[in-house]
Amino acid sequence: MQSFLSSRIQRVVLNGQCSDWKSISAGVPQGSILGPLLFLIYINDLPNGLQSDVKMFADDTCLFSLIKDKDESANDLNSDLEKISNWAFQWKMSFNPDPSKQACELLFSKKRTIEHHPNLMFNGTPVNKVSKQKHLGVILDNKLSFADHIKHAIGKSIKGLNVIRKLNHYLPRKTLLTIYKSFIRPHLDYGDVIFDQPSNHTFSNKIETIQYNCALAITGAIKGTSREKLYQELGLEYLAQRRWFRRLCYFYKIRNTKLPDYLFQLIPSISHNYLTRNNNIPSLECRTNFHCDSFFPYSIREWNRIDPDIRNVASYSCFRNHLLKKIRPCPNNLYGIHDPLGIKLLTRIRLGLSHLREHKFRHNFQDTINPLCTCSLETEDTNHFFLRCQNFSTLRTTLLDELNTIEPNLIFLNENDFIKTLLFGNPAFSCEINKSIIKCTLRYLKNSTRFDGELF
């Protein structure tokens, strides 16, 4: 260790010109494996002797105080800031050398009128008062509304949405869905156990709109398509359900692993010592919706509503899987077919919003005053288009001949089951047979030219 840290020198190289070598009196080599560990050891005693609460993460340090008397809190914080300055001077460290990252003060309060609080001083300069601050990737505002954080997350997500819109003509759905889950949804997930507001529907809908638009881009579905059917097609849960799931999973970890300990201590203890099947946790009293929606009151309330058999499972993975079964639908199968145009047309038919007149009439398209087909026989719905429309008699004969070759038992299905098999496949058939059936359906859709051109 002594050899690793001693006799270190450094110099600056700029445009091929080198400075003189300079001895390093403090610090560790950047990028080394031991560096982070040694840094943590180096600053480990920083909180010692401070009156305020301290939280540290890597090189970020936060002091915070619950204000009962503003002058007393200010004195405590100023005293602690001075101790930190003295500590830094003693151990040859410099806080906030970058002017853009100076120490700042953020006062959290739900009061409409904020009182003036005494200034805080650090390194001989006033601490900058701010109305919001980004901390570990979460933007905290003085009202804890998280409006700025959501706005920032939505802005990043929209950039990813635009990428999907450009790629959906070329990439298979599975790849597009992976892009969404890997690079877009994490922006909306990050910090959700903190910022979620279940009773604020405006807040939830603003976030949900991003996933809905991504689902439209992935599938090629038309705006106005049923959100429930669209999510069923892709196997996506609602983001509100996802936040519910993630909160309960985090609560399970806190309750059963008791880590971190300071969070476990916030869970009310059960009043009796004997075990019962229910073992409900005492609820927390809440005077406001804001407090009621916060992590512990909400999680405890929802925890008590879960089936005891689920919440008493021994492992986290089992608990997680039980909850996922309750919220995540099973996606519709495409059997590995890569045909972006055909799959888009098939999906629109599956979801009930396409060029067919019955679909447009049901969704109040202005250019469709009635649902009748141009062949004048009946309503132009999915069954009519595939089975009876005279405009596609020749194509239909070819389709039925191909299907009979693939699986003769199709002719014994009733009309609704037959159409369902054409669109989704049939669990009674093998994967290869279903793949062949869907391919026949795609050819029929594209060769009919019924879905070419603009929707209106």
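**Group meeting: one chain, one helix and a few particular residues**

The chain I am showing today has 20 helices and 12 strands, and I should say at once that this is a predicted model. Its radius of gyration is 31 Å, well over the 23 Å that the globule rule gives for 456 residues, so the chain is more spread out than a compact globule. Along the principal axes, the C-alpha trace spans about 90 × 70 × 45 Å. Of the 456 residues, 37% are buried, and if we take the contacts with a separation of 6 or more, residues 24 or more positions apart account for 59% of them.

Let me turn to helix H4, which runs over residues 147-167. With 21 residues at 1.5 Å a residue, H4 should span 30 Å, and its end C-alpha atoms are indeed 30 Å apart, which agrees. Which residues of H4 are buried? They are His149, Ile150, Ala153, Ile154, Ser157, Gly160, Leu161 and Ile164. Seen down the helix axis, these buried residues fall within an arc of 130°, so they line one face of H4. The general background is that an α-helix has 3.6 residues a turn, so residues three or four places apart point the same way. On the face of H4 turned away from the buried side we find the exposed residues Lys151, Lys159 and Lys166. As for what covers the buried residues, the list includes strand E12 (138-141) together with helices H5 (173-189), H6 (192-195) and H7 (201-219).

Just ahead of that helix, in the loop between E12 and H4, sits Leu144, whose phi is near 55°, a positive value in a residue other than glycine. Most residues other than glycine have a negative phi. Leu144 counts as partly exposed, because its relative accessibility is 26%. A phi near 55° is also found at Thr449, which lies in the segment after helix H20 (431-448); at 47% relative accessibility, Thr449 likewise counts as partly exposed.

My last stop is Arg247, in helix H9 (residues 239-257). Arg247 is buried and yet has no salt bridge. Where is the nearest side chain of opposite charge? That side chain belongs to Asp196, 4.2 Å away, whereas a salt bridge would need a side-chain nitrogen within 4 Å of a carboxyl oxygen. Leaving aside its neighbours within four places in sequence, Arg247 is in contact with Asp192, Val193, Ile194, Asp196 and Pro198, and also with Asp293, Ser294, Phe295, Tyr298 and Ser299.

Technical notes: Residues numbered from 1 in each chain as written. Predicted model: local features only at pLDDT ≥ 70, side-chain atom pairs only at ≥ 80, totals over all residues. Heavy atoms only, no water. Helix = DSSP H or I, 4+ residues; strand = E, 2+ residues; numbered from the N terminus. Buried < 20%, exposed > 50% of the residue type's maximum accessible area, 1.4 Å probe, protein only. Lys, Arg positive; Asp, Glu negative; His and termini not counted. Contact = heavy atoms within 4.5 Å. Expected span 1.5 Å × (residues − 1). Arc of directions from axis to C-beta. Rg over C-alpha atoms; globule rule 2.2 N^0.38 Å.
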